[in-house]
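Biologist: Please pick one buried spot in this model and take me through it slowly, then show me how it sits in the rest of the chain. I'm new to this, so plain words would help.

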Amino acid sequence: MSTPSLSAPPIRRLTPRDLQACADLSEDRGWPREEHKWGLLLSAGTGYGIDAPDGNGLMGAYVVTQYGPHERPALAAIGMVLVAERYARQGIGRRLMQYAIEESGTTPLTLHATPNGRPLYEQLGFEVIGRAEMVKGHFAPVGALPDVATRPATAEDLTAILRLDTEVFGQDRMHVITRLPAFTDQLRVAETNGKIVGYAGAWPNMETHVVGPLVAPDTETAKALIASLGAGTDRPLRTDIDVRHEELLAWVKESGLQSVAFNAVMAYGTPELPGDWSRRFAPLTVAAG
């Protein structure tokens, strides 16, 4: 592991007590504060940061969320890579990412990169393996809704949701999925012949409700889940959809959501992500993969 110079503040682990400083860092870079999301990431994942030498908050930070066996994670997602504006263009982001790579050892890494961040990640050895499109707007479904049964999830559904998520994601995410009932404002499941075949959540993020995760066996079921979540809120919806799901993207745009941005899905140490992408329509959050 690289050793920082004596003048360089050390990289340390963040704790839930750093939530305010993380939200301040987001705001400093023109991002939403997103305290609710930071709270999840700092509890389900591990945050790392550098304290600002002037004593004013954090110089930079990132969060890593690991999946698979606790003793030997099979995949780790990196997110919320941020550097305070007054310390930008001084190599802080590169130092944080190099540290993340070193700390991961042989564990493959994934992240969603903005166009601004992508060049740095490519220089460090990450490769583009996919794209996601962020869409946002007031949802008003067009045409007849799919004839797919959905309902609110109950505590008794959690075992089936965990089993389905592991199958679709390709790795155990129990420490994240078990937090969904408390994290989301809505958590719904889709059923076929009494079996849970899909699920989706909607969680509060500033003025919007973010739809994610979104797991479904097909596009019609994904539509039904989004429609059921949209019916339960007056807020605009926002979600990040894998661009390979062209039919779903076309439908949500016809239903009032507009394209906001594209992110590159990148990986380090693996040519592709595990699991079944065809049933994985949107992540819980791009920061957690």
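Modeller: Let's settle one word before we start: a residue is called buried when its relative accessible area is under 20%, and exposed when that value is over 50%. Keep in mind too that this is a predicted model.

My pick is glycine 137. Its relative accessibility is 13%, which is under the 20% cut-off, so glycine 137 counts as buried. You'll find glycine 137 in strand 6, which covers residues 127-137. What does glycine 137 touch, once residues up to four places away in sequence are left out? The list is Pro236, Leu237, Gly256 and Leu257. Now compare that with leucine 120: it is 17 residues from glycine 137 in sequence, yet their C-alpha atoms are 31 Å apart in space.

Let's step back to the whole chain for a moment. It is built from 9 helices and 13 strands. Its radius of gyration is 19 Å, close to the 19 Å that the globule rule gives for 289 residues, so the chain is as compact as a globular protein of that length. If you boxed up the C-alpha atoms along the principal axes, the box would be roughly 65 × 35 × 35 Å. Burial like that of glycine 137 has plenty of company, since 53% of the 289 residues count as buried. Contacts across the sequence are a big theme as well: among contacts with a separation of 6 or more, 71% join residues 24 or more positions apart. As for the outside, the accessible surface is about 13,300 Å², and carbon and sulfur atoms make up 50% of it.

Back to single residues, with threonine 233 as our next stop. Threonine 233 sits in the loop between helix 8 (219-230) and strand 11 (237-242). Its relative accessibility is 13%, so threonine 233 is buried by our cut-off of 20%. Outside its sequence neighbourhood, threonine 233 touches Gln186 and His209. With histidine 209 there is a polar contact of 2.7 Å, side chain to side chain. A polar atom of the threonine 233 side chain also lies 3.0 Å from the backbone nitrogen of arginine 235.

Glutamine 186 leads us on to another threonine. The side chain of threonine 184 reaches the backbone oxygen of glutamine 186 at 3.4 Å, and it reaches the backbone oxygen of leucine 180 at 2.7 Å. Threonine 184 is in the loop between helix 7 (180-183) and strand 8 (186-192), and it is buried, with a relative accessible area of 7%. Beyond four places in sequence, its contacts are Gly201, Ala202 and Trp203.

For contrast, try asparagine 56, in the loop between strand 2 (46-51) and strand 3 (58-67). Its relative accessible area is 51%, which is over 50%, so asparagine 56 is exposed.

Now for some backbone oddities. Most residues other than glycine have a negative phi, and most peptide bonds are trans. Glutamate 34 has a positive phi, near 55°, and lies in the loop between helix 1 (19-28) and helix 2 (35-44). It is buried, at 5% relative accessibility. Methionine 80 has a positive phi of about 55° as well; methionine 80 is in strand 4, residues 75-83, and is buried at 6%. On the peptide-bond side, glycine 212 and proline 213 are joined by a cis bond with omega at about -5°, and proline 213 is in strand 10.

Finish with helix 1. Its buried residues include Ala21, Cys22 and Leu25, and the buried residues of this helix pack against helix 2, strand 3 and strand 4. After helix 1 comes glycine 30, with a positive phi near 80°.

Methods
Residues numbered from 1 in each chain as written. Predicted model: local features only at pLDDT ≥ 70, side-chain atom pairs only at ≥ 80, totals over all residues. Heavy atoms only, no water. Helix = DSSP H or I, 4+ residues; strand = E, 2+ residues; numbered from the N terminus. Rg over C-alpha atoms; globule rule 2.2 N^0.38 Å. Buried < 20%, exposed > 50% of the residue type's maximum accessible area, 1.4 Å probe, protein only. Contact = heavy atoms within 4.5 Å. Areas by Shrake-Rupley, 256 points an atom, 1.4 Å probe, with all protein chains shown as cover. Polar contact = N/O pair within 3.5 Å; in protein donor to acceptor, adjacent residues only side chain to side chain.
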